[in-house]
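Subject: Structure for your review

Dear colleague,

Please find below the structure that I am handing over to you. My findings follow directly after it.

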Amino acid sequence: MPRITAVRGALPPNRYPQDEITDAFADLCLPEGGDRRLLRRLHASARVEHRNLALPLAHYAKLDGFGAANSVFIDTAVDLGAEAVGAALAAAGLTPRDVDLIMFTSVTGIAAPSVDARLAARLGMRPDLKRIPVFGLGCVAGAAGLARLHDYLLGRPGDVAVLLSVELCSLTVQREDASVANLVAGALFGDGAAAVVVSGDRAAGGREEGPQIVATRGRLYPDSERVMGWDVRDTGFRVVLDASVPGVVRAHLAEDVHGFLADHGLTTADITAWVCHPGGPKVLEAVAETLRLPPGALDVTWRSLAAIGNLSSASVLHVLHDTLRLRPPPPPGTPGLLIAMGPGFCAELVLLRW
């Protein structure tokens with residue numbers, strides 16, 4: 001089975017407490033003299049304490065349209081991506097030339113050549129490197145990316161693959177847009193990157209430790225296209241974020257999780273660590289409620305949400321990194337479950353063995 005041999009995150013250096021971001025985004029999003037009470041209430045209820053941003057707060061008002069924001073995305077994504085991939089490979093005992101495939105995912109900017117191509121040149125990866133740039137999966141892409149690397153490595157067990165996620169959500173916040181969706185996004189989402197090294201079971205070199213990826217399952221829910229996503233405007237990516245997301249979770253997730261685990265002779269009681277994407281307080285409450293999780297099961301996720309916010313596809317990978325650093329760690333040989341949801345609306349489940 002493919003094995004996760006290293007996970008590393010990277011955050012931009014501009015770190016702020018939530019209340020400073022609230023004041024700055026009020027100036028950015030609300031009309032002059034607009035009522036700030038709703039925005040302050042949304043920011044307070046997000047349960048985010050700090051976030052790292054691609055730019056200093058004062059610079060966001062100076063961004064002149066989508067092109068300027070996307071240029072910042074490309075430069076910052078390459079820098080953060082190089083930091084995350086370099087650190088993950090070093091932790092795995094590998095070099096950039098050991099990588100056979102790199103998958104890059106983001107939903108907060110676009111680039112051609114893609115970010116993975118720019119990274120390959122910077123890091124000195126092999127010219128026969130296989131690349132898969134992915135756009136559009138949003139928050140689910142960290143889990144879906146691991147699932148697709150698992151599929152690839154089953155067919156190429158001697159290979160090493162890297163998943164890189166870079167999400168710079170702050171660059172998508174719409175100026176002079178007082179819609180609830182834009183205000184919620186401005187309260188919840190942060191910026192950051194994460195890289196995961198996954199090795200086939202016959203890959204040479206590196207370290208033979210870390211959880212195995214046992215199986216995966218994706219679920220696309222019908223008639224849910226407007227639950228989450230983007231409307232692409234002249235001003236860039238305008239968020240679609242419907243209040244029904246927790247309801248969709250309550251309606252579908254339990255059946256999917258129980259069925260997936262049952263296919264492997266497991267129940268939720270067997271899971272020793274839940275690696276869940278921090279979709280926001282209401283989503284996390286819905287996950288815990290519908291799966292009837294024991295108290296504390298999502299503590300790592302809640303701590304990640306408070307410390308850095310929701311990093312879209314990178315967040316579940318940060319939670320995975322934090323889970324691997326738990327002391328004591330999950331007992332060897334026991335199952336874990338990684339869960340993320342995103343535009344589609346969809347869910348991705350990844351069964352792990354510690």
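Arg-47 is partly exposed, with a relative accessible area of 46%; buried means under 20% relative accessible area, exposed over 50%, and partly exposed in between, with a 1.4 Å probe and protein chains only. This residue sits in the loop between α2 and β3 (50-53), and its phi is near 60°, a positive value in a residue other than glycine. Helices (H or I, at least four residues) and strands (E, at least two) are DSSP runs, numbered from the N terminus.

The model is a predicted one, in which local features need pLDDT of at least 70 and side-chain atom pairs count only at pLDDT 80 or more, while totals for chains, interfaces and linings use all residues. Residues are numbered from 1 along each chain as its sequence is written, and side-chain values use heavy atoms, with hydrogens and water left out.

Glu-176 also has a positive phi, near 55°, and is a residue other than glycine. Its place is the loop between β6 and α6 (180-188), and with 70% relative accessibility Glu-176 counts as exposed.

Two cis peptide bonds should be noted. One runs from Ala-112 to Pro-113, with omega near 5°; Pro-113 belongs to the loop between β4 and α4. Another joins Gly-344 and Phe-345, with omega about -15°, and Phe-345 lies in the loop between β12 and β13 (346-353).

Turning to the interior, the largest nonpolar core has 52 residues, of which Tyr-60, Phe-73, Leu-164, Leu-171 and Val-197 touch the most other members. Such a core is a set of buried Ala, Val, Leu, Ile, Met, Phe, Trp, Tyr and Cys residues joined through side-chain atoms within 4.5 Å. Elements that each supply at least two of its residues include β1 (3-10), α1 (18-29), α3 (66-91), β6 (160-168) and β7 (191-199). The largest share, 13 residues, comes from α3.

On the surface, Arg-8, Arg-207, Arg-325 and Arg-327 form a positive patch. Patches are made of residues with over 30% relative accessible area and no salt bridge, like charges being joined within 9 Å and nonpolar side chains (Val, Leu, Ile, Met, Phe, Trp, Tyr) within 5 Å. A salt bridge is a side-chain nitrogen of Lys or Arg within 4 Å of a carboxyl oxygen of Asp or Glu. Within this patch, Arg-325 is exposed, at 58% relative accessible area, and is found in the loop between α10 (315-324) and β12 (335-342).

With kind regards

Key
Areas by Shrake-Rupley, 256 points an atom, 1.4 Å probe, with all protein chains shown as cover. Lys, Arg positive; Asp, Glu negative; His and termini not counted. Charge placed at Lys NZ, Arg CZ, Asp CG, Glu CD.
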